[in-house]
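Got your viewer open? Load the model and follow along, one selection at a time.

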Amino acid sequence: MDKIVIEGGNRLIGEIAISGAKNSALPLMAAALLNDGCSTITNIPNLKDIDTFKRLLEHLGCHIDDSNRSVKINVSDIKTPEAPYELVKTMRASVLILGPLVTHFKRARVSLPGGCAIGARPINLHLMGLERMGAKIKIEHGYVEVSAEKLKGADIYFDVPTVTGTENLMMAACLADGITVIENAAKEPEVLELATALNKMGGCISGAGTEKIRIEGVRKLKPIEYAVMPDRIEAGTYMIASAATRGNLLLKNCPIDLLEALSIKLKEVGAEIIIERNNTRGIGNNPTRSVDIKTSPYPGFPTDLQAQMMSMMCISSGLSVFTETIFENRFMHVSELKRMGANIQVDGRTAIVKGMPFLSGAPVMATDLRASASLLIAALVGEGETEISRVYHLDRGYESIEEKLAGVGAKIKRVRK
Ligand code: EPU
């Protein structure tokens, strides 16, 4: 397994181009299953999760033609509504094909994703919504089987807003009979992006981006060409890295409007954010101060940036309190940060971080995608060498991360095994 080795202590200075958003590209690729033709998704990031999703679509019988950051998905020969465990287990977002498949085939059989490093992550709300739309649900041998002759519009309320759940049901409702209303829907920008794409296909969705989404079923959707939005979490990660290393990074194509909560917190710690047209400059100033972070659904502080922010707080003056409200087990990075000298106490969903004068390089292990990014930031500010193992997690969600960081002054190399 590859390792990343970083010699800490360099300020990050220069330009980084932000790639297309993983969490937008995946539902857009799933949406291609809703018609019989060939859709083209452009600005696709070069990531492991995208490769896995392509393999999943190929398994279903789609023809995939990818080149130059675009992927053509031809659905005309699709032959099976079954997604096996081998593919689903490596990527939970595979569950996004459930809604489109049951629409296409009247039946879908998808392996249940199971828990993962950040929490149990059930899909009960996806299934509840499909059931409300008239589908029959059966769970057997680790697979969920969903069948419906024709889905019907329904009123659906989520007890907690779920991003992929909202996306799944929005896709399923597009070709259902009648009107579906999703209350307490997720308001994440990726949901709005999917609704915009579905409307371009001929769908009739209003209210996406708010907690109430109305979907009027239509008879048919047509293939489209659609460009994936820039990745707000990748951009946010580099903004934090810039502030933490007291750097000066110009992030090209940065979706800064979608990073309001992070921008405010970064200003509170003492960083500067300068918006220059489509680009954003993040400047770290010495010394950074502590700030409290409570994650919540969009537009709140994203859980996907909690770990990265914690690494910066490990070397900021004062005490900061982190409260993770989205996932029950998203502090896996803490024990690794402690190996680098961090002072962090965890009690349930709260972590108290006491800023230390420095972190020291150590061998650490990545446990999930965002935890890996936090270890990378800790390594960049740490004294001496840090070796991060299990970096396949990083490759799932950060395109060319070592090239991008090396280009702005980080001493970073990948050791291939
Ligand atoms: N939940 C349920 N039942 C469900 C679905 C969700 O109880 O049926 C709970 C979850 O356990 C969690 C909360 O609802 O406590 C929110 O989870 P959500 O369903 O919104 O998460 P997700 O859709 O599985 C997406 C992103 C995650 C991101 C979360 C939260 C994709 C492909 N994944 O996951 O991204 O953390 O929303 O914003 O869009 C990442 O990129 O590293 C990542 C984990």
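Before the first stop, a word on residue classes: Ala, Val, Leu, Ile, Met, Phe, Trp, Tyr, Cys and Pro count as nonpolar, Asp, Glu, Lys and Arg as charged, and the others, Gly among them, as polar. Keep in mind, too, that this is a predicted model.

**Stop 1: the shell around the ligand.** Select the ligand and the residues within 4 Å of it. That should give you 21 residues, with Asn124, Thr162, Thr164, Asp304 and Ile326 coming nearest. Colour the shell by class and you get ten nonpolar, six polar and five charged residues.

Now switch to cartoon. Which helices each supply at least two residues of this shell? Look for helix 1 (22–31), helix 5 (124–132), helix 6 (163–174) and helix 12 (369–381). The largest share comes from helix 5, with three residues.

**Stop 2: polar contacts to the ligand.** Zoom in on the oxygen atoms of the ligand. Show the side chain of Thr162: one of its N or O atoms is 2.7 Å from a ligand oxygen. Next, turn on the backbone of Val163, where an N or O atom lies 2.8 Å from an oxygen of the ligand. Then do likewise for Ile326, whose backbone puts an N or O atom 2.5 Å from a ligand oxygen. Switch on a surface here: on its own the ligand has 830 Å² of accessible area, and the protein covers 86% of that.

**Stop 3: the two domains.** Zoom out and colour domain 1 (3–19 + 230–415) and domain 2 (22–227) separately. Where does the ligand sit relative to them? Both domains give residues to its shell, so the ligand lies between them.

Taken over C-alpha atoms, the centres of domain 1 and domain 2 are 30 Å apart. For the contacts, select 23 residues on the domain 1 side and 20 on the domain 2 side. About 1700 Å² is buried between the two domains, and carbon and sulfur atoms give 51% of it. On the domain 1 side, pick Tyr298, Arg396 and Glu399: they lose the most area to domain 2, together 34% of what that side buries.

**Stop 4: two backbone oddities.** Most residues other than glycine have a negative phi, and most peptide bonds are trans. Stay on Tyr298 and step to Pro299: a cis peptide bond joins them, with omega about 10°. Pro299 is in the loop between strand 18 (293–294) and helix 10 (306–313).

Finish at Arg277, in the loop between strand 16 (272–276) and strand 17 (279–283). Arg277 is not a glycine, yet its phi is positive, near 50°.

Conventions
Residues are numbered from 1 along each chain as its sequence is written. This is a predicted model: local features need pLDDT of at least 70, side-chain atom pairs count only at pLDDT 80 or more; totals for chains, interfaces and linings use all residues. Side-chain values use heavy atoms; hydrogens and water are left out. A polar contact is a pair of N or O atoms within 3.5 Å; within protein, one must be able to donate a hydrogen and the other to accept it, and residues adjacent in sequence count only if both atoms are side-chain atoms. Accessible areas come from the Shrake-Rupley method with a 1.4 Å probe; for residues, only the protein chains shown count as cover. Helices (H or I, at least four residues) and strands (E, at least two) are DSSP runs, numbered from the N terminus. Domain bounds come from an automatic or database domain assignment. Contact means heavy atoms within 4.5 Å. Buried area is the accessible area (1.4 Å probe) that two parts lose on being put together, summed over both.
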